[in-house]
Amino acid sequence: TVSGVLTVGSAGDTANTTLDAGNRSWTLSGTGGNPFQILASPQAVLTGNTSTIIYNGNNGSGNTTVQSTSGYYNLSLNYVSSEDFDLGGNITVANSLTLGQNLVAMDGALLNTTAGNSYSITAGSISRQTYGTLTANASIITLTGTSGTLFQGTGTFNQGTSTVIVTSASGTPTLLSAATTFHKLTINAAGATVINMGAFAPTINNVAGAQLYIQAGVFNASGASITGPGGTNGTLQIDAGATLCLGGTTASTNATCNSGASDTTTRAMPTFQTYTFAVTSTVSYLSDAATAVSNTPIYGNLTLNPKMVTTGRAYTLGGAMTINGNLTIQPDESGASTPALTVNPAGDITVASNKTTTITRSNSATSSLDLRPSTTDYNLSTGSINIATGGTLDAGSTVSSITVKGDWTKTGT
């Protein structure tokens, strides 16, 4: 415990100074407002090792400054009453950043990234305890953890116009442990198997510039529904090679979001003003429930692949569909039955002339694309078509037009 100021380095030294914090907990209880100082000249360095740096002093005449460094391993701000902490610069926390405690309402800690500077935070995970607050201003907050929950707790997140970016390099981490509102949320995690949303809803705020951006990797939105800003603000963007799953296995361990049974609640496309999906992006609808598939976006690859238990499901397309990538209908089953997925259009389906429509199955499930689901006939235009075993293209008793500009392959019906 340091009751005054912990200073690393000394003015006038001719050599650099390094503090190796080892595996210890360092409690900084100084009340002067700047209890941890790492000198810049000559350069001093904190090597966090597996340590925990704990700020728990109260500056009675103002806020406490959190030292800027890339050397934190665990960082905890948890004064036993309440204190406001301001970043003194950008910080990197290799493992966990914890704000506040869960005891009583006075056990609060507010971390402000400092308006006007909007310093950045990089951390393996951030835990906002019940009485902890993170005021993000316009900062970039990067989450790097590869396991566990990345943005934890029920404390307050004042998102401002900040950007939260997930860059996990491996694993199957979970994003949330409580409902949270973001301004910009970016998944840029090509090295991770999948980023699971968790059974808690993210909301993208209804403010100009708001965005959900799947830049790289797989984001599995299951266990809760994403709330978009609505039709007057915001962009949902999915870049080339990236995937958005809607309704997959809540804690999936594979990149197709179906390592177990699908979510039994319909998970629909959230509403944004603008949708920008790259040709080689993928949207995968997986809910084990009757599902309306939005026709608002122009899709890249569109995959309908619920993992059903015992009951057949109907997916209804929202209207005329434009698909610039491949259309794949491939249900699976996780029980001992033969559930059927029936896809019912509500308008013509246009798949790019150099892409493929595939109607198939996994295990004992079956699939069907019905071009006359009620009393109206709908058309299908595609590049190639593959009606595989267990798949059916139902055009009986219709006057639908089926245009195939590539190969026709059929082992199904």
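Which residue in β25 is the bridge partner of Tyr213? In this predicted model, the partner is Gln237. Tyr213 belongs to strand β23, which spans residues 211–216. Gln237 belongs to strand β25, residues 235–238. The two strands pair in the parallel sense, over 4 bridges. Gln237 also has a bridge partner in β27, namely Thr276. β25 and β27 run parallel and are joined by 4 bridges. Strands of a sheet pair through backbone hydrogen bonds, either parallel or antiparallel.

Parallel pairing recurs at β8. This strand covers residues 72–77. β6 and β8 run parallel, with 4 bridges between them. Ile54 has Ser76 of β8 as its bridge partner. β8 also pairs with strand β10, residues 91–99. That pairing is parallel too and counts 5 bridges. Here Asn74 has Ser96 of β10 as its bridge partner. β8 is mostly covered, with 5 of its 6 residues buried.

A further sheet was examined as a whole. It is open and consists of 5 strands. Their order is β29-β32-β36-β39-β42, and the pairing is parallel. β29 (291–293) and β42 (391–394) each have a single partner strand, so both stand at the edges with one side left without a neighbour in the sheet. On average, neighbouring strands of this sheet are turned by 20° against each other, direction ignored. β39 covers residues 366–370 and pairs with β42 in the parallel sense. The pairing has 4 bridges. Within it, Leu369 stands opposite Leu393 in β42.

Aromatic contacts were searched next. The whole structure holds 8 aromatic pairs. One of them joins Phe36 and Tyr72. The ring centres are 6.4 Å apart, and the planes make an angle of 65°. The arrangement is edge-to-face. Phe36 lies in strand β4 (residues 36–38) and Tyr72 in β8, so the pair ties together parts that are 36 residues apart in sequence. Phe36 has a relative accessibility of 0% and counts as buried. Tyr72, at 1%, counts as buried as well. Another aromatic pair is formed by Tyr55 and Phe85. It is also edge-to-face, with 6.2 Å between centres and 80° between planes. Tyr55 lies in strand β6, residues 52–55. Phe85 lies in strand β9, residues 82–87. The pair thus links distant parts of the chain, 30 residues apart. Tyr55 is buried at 0% relative accessibility. Phe85 is buried too, with a relative accessible area of 0%. Elsewhere, Phe272, Tyr275, Phe277 and Tyr299 form one aromatic cluster.

The structure holds 1 disulfide. The link joins Cys245 and Cys257, whose sulfur atoms are 2.1 Å apart. It is right-handed, with 75° about the S-S bond. Cys245 lies in strand β26, residues 243–246. Cys257 lies in the loop between β26 and β27 (274–277). The two cysteines are 12 residues apart, and the pair links distant parts of the chain. Are these cysteines buried or exposed? Cys245 counts as buried, at 1% relative accessibility. Cys257 is buried as well, with a relative accessible area of 0%.

Backbone angles single out Cys257 again. Most residues other than glycine have a negative phi, and most peptide bonds are trans. Cys257 has a positive phi, near 65°. Asn363 likewise has a positive phi, of about 55°, although it is not a glycine. Both residues sit in loops. Cys257 is placed between β26 and β27. Asn363 is found between β38 (356–359) and β39. Their surroundings contrast. Cys257 is buried, at 0%, whereas Asn363 is exposed, with a relative accessible area of 54%. The loop of Asn363 thus leads to β39, the strand that pairs with β42 in the open sheet.

Terms used
Residues numbered from 1 in each chain as written. Predicted model: local features only at pLDDT ≥ 70, side-chain atom pairs only at ≥ 80, totals over all residues. Heavy atoms only, no water. Pairing = 2+ DSSP bridges. Axes fitted to C-alpha atoms, helices over the stretch in contact; angles between N-to-C directions. Disulfide = S-S within 2.5 Å. Buried < 20%, exposed > 50% of the residue type's maximum accessible area, 1.4 Å probe, protein only. Phe/Tyr/Trp six-rings, centres within 6.5 Å; stacked < 30°, edge-to-face > 60°.
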